Amino acid sequence: MADKDDVKDGKNFSPDIPAKQEPFFLKGSGALDWGMQNRLARIFNPKSGRTVMLAFDHGYFQGPTTGLERIDLQINPLIPYADVLMCTRGALRTMVPAATDKPVVLRCSAGQSILTELSNELVAVDIDDAVRLGACAMAAQVYIGAEYQHKSIANVIKLIDCGTKAGIPTLAVTGVGSDMKRDERYFSLATRICAEIGAHYVKSYYFEPGFENVVAGCPVPIVIAGGKKLPEMEALEMAYKACDQGAAGVDMGRNIFQSDCPIGMIQAVRAVVHENEKPEKAIEIYKDAKAAMSGK
């Protein structure tokens, strides 16, 4: 109980100074509750308005893919350089050090594998477990135009509804089947649907031409997926062009952990995303780290 002795009336109210109301920096998030905004401000850097998410959730449907055979050896050394970790609860509990202070976006969809129809997913994490793990956001796929489109949309809606009660944002991840055309029409449709059903931000793919129109037409932030492994320079060029055209950062996996110098590559990506470094200069960060690694 507070001590009642020596209670002093307040005097310094500064009535001549209007109360300052800080606008929230992130697109489409100004009306969210404090808890939602706080978690999003951990995911996105308030200074740059962008994020470098390190995705290593691939095992939930791909198994031990190249570069993720040993998360403790291949991913944990990269954690200090990432803004956010995108992973499953199994990987988080078993292989990510609990002392890690990075925000976590929790993969919450599952139910299929590379041997089956990818769009046939379900919600695989209960909201109580997301809260228990301290997740800053929950993520699930949306497969627009796929066989189980309706089910995947329902999964994301379920996360949005239960996450809102707990103050946890939802990331909708646009899944694209092999028979779908990766163009402006498709991604305009997919990202807008994700935002309209209430997703707080969207993960999509970079494409040309028309990416800037997709970003403009989506009322919440878009981060780009790294996609398949590219040569390092091409991956940096993709990240630069996406951010230059309005993307709020990247969620990269294979283009980092499958690089021959993952630490150098994630540092180069950070320079592009947060410092607007041109790819031609950022690639030198990667090359210098690779040279240093070879010299050991």
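This report describes selected helices, a pocket and several backbone features of the structure. The model is a predicted one.

**Helix H7**

Helix H7 spans residues 184-196 and contains 13 residues. From its first C-alpha to its last it reaches 18 Å, close to the 18 Å expected at 1.5 Å a residue. The buried residues of H7 are Tyr-186, Phe-187, Ala-190, Thr-191, Cys-194 and Ala-195. Seen down the axis of H7, these buried residues fall within an arc of 150 degrees, so they line one face of the helix. An α-helix has 3.6 residues a turn, so residues three or four places apart point the same way. The face of H7 turned away from the buried side carries the exposed residues Arg-185 and Glu-196.

The partners of the buried residues of H7 include four strands and one helix by name: strand S6 (137-142), strand S7 (170-174), strand S8 (201-204), strand S9 (222-225) and helix H8 (211-217). Just after H7, Gly-198 takes a positive phi of about 115 degrees.

**Helices H1 and H11**

In helix H1 (34-43), the buried residues are Gly-35, Met-36, Gln-37, Leu-40 and Ile-43. They pack against strand S1 (51-55), strand S2 (84-87), S3, S6, helix H6 (149-166) and S8. Strands S6 and S8 are also packing partners of the buried residues of H7.

Helix H11 (262-275) has 14 residues and reaches 19 Å from its first C-alpha to its last, close to the 20 Å expected at 1.5 Å a residue. Its buried residues are Gly-264, Met-265, Ile-266, Ala-268, Val-269, Ala-271, Val-272, Val-273 and His-274. These residues pack against S1, helix H9 (232-244), strand S10 (249-252), helix H10 (254-257) and H12. Strand S1 is thus named as a packing partner for the buried residues of both H1 and H11.

**Backbone features**

Most residues other than glycine have a negative phi, and most peptide bonds are trans. Two residues that are not glycine have a positive phi in the table below.

| Residue | Phi | Location | Relative accessibility |
|---|---|---|---|
| Ser-14 | near 45 degrees | segment before helix H1 (34-43) | 36%, partly exposed |
| Asn-276 | about 55 degrees | loop between helix H11 (262-275) and helix H12 (279-294) | 47%, partly exposed |

Asn-276 follows H11. A further feature concerns the peptide bond from Glu-208 to Pro-209, which is cis, with omega near -5 degrees. Pro-209 lies in the loop between S8 and H8, two elements against which the buried residues of H7 pack.

**Pro-103 and its surroundings**

Another proline, Pro-103, is found in the loop between helix H4 (89-95) and strand S3 (104-107). Pro-103 has a relative accessible area of 7% and counts as buried, because buried means under 20%. Not counting residues up to four places away in sequence, Pro-103 touches Arg-42, Ile-43, Asp-83, Val-84, Leu-85 and Cys-136. One of these contacts, Ile-43, is among the buried residues of H1. Pro-103 and Phe-257 are 154 residues apart in sequence, and their C-alpha atoms are 19 Å apart in space.

**The second largest pocket**

The second largest pocket holds about 210 Å³ of space. Of the 13 residues that line this pocket, the closest to its centre are Leu-92, Thr-100, Lys-102, Val-104 and Leu-133. By class, the lining has eight nonpolar, two polar and three charged residues.

How values were computed
Residues numbered from 1 in each chain as written. Predicted model: local features only at pLDDT ≥ 70, side-chain atom pairs only at ≥ 80, totals over all residues. Heavy atoms only, no water. 1 Å grid on protein atoms, 1.4 Å probe; cavity = no way out; pocket = protein on both sides within 12 Å on 5 of 7 lines; lining within 4 Å. Points joined across faces, edges and corners; volume = space filled by probe spheres on them. Nonpolar A, V, L, I, M, F, W, Y, C, P; charged D, E, K, R; others polar. Expected span 1.5 Å × (residues − 1). Buried < 20%, exposed > 50% of the residue type's maximum accessible area, 1.4 Å probe, protein only. Arc of directions from axis to C-beta. Contact = heavy atoms within 4.5 Å.
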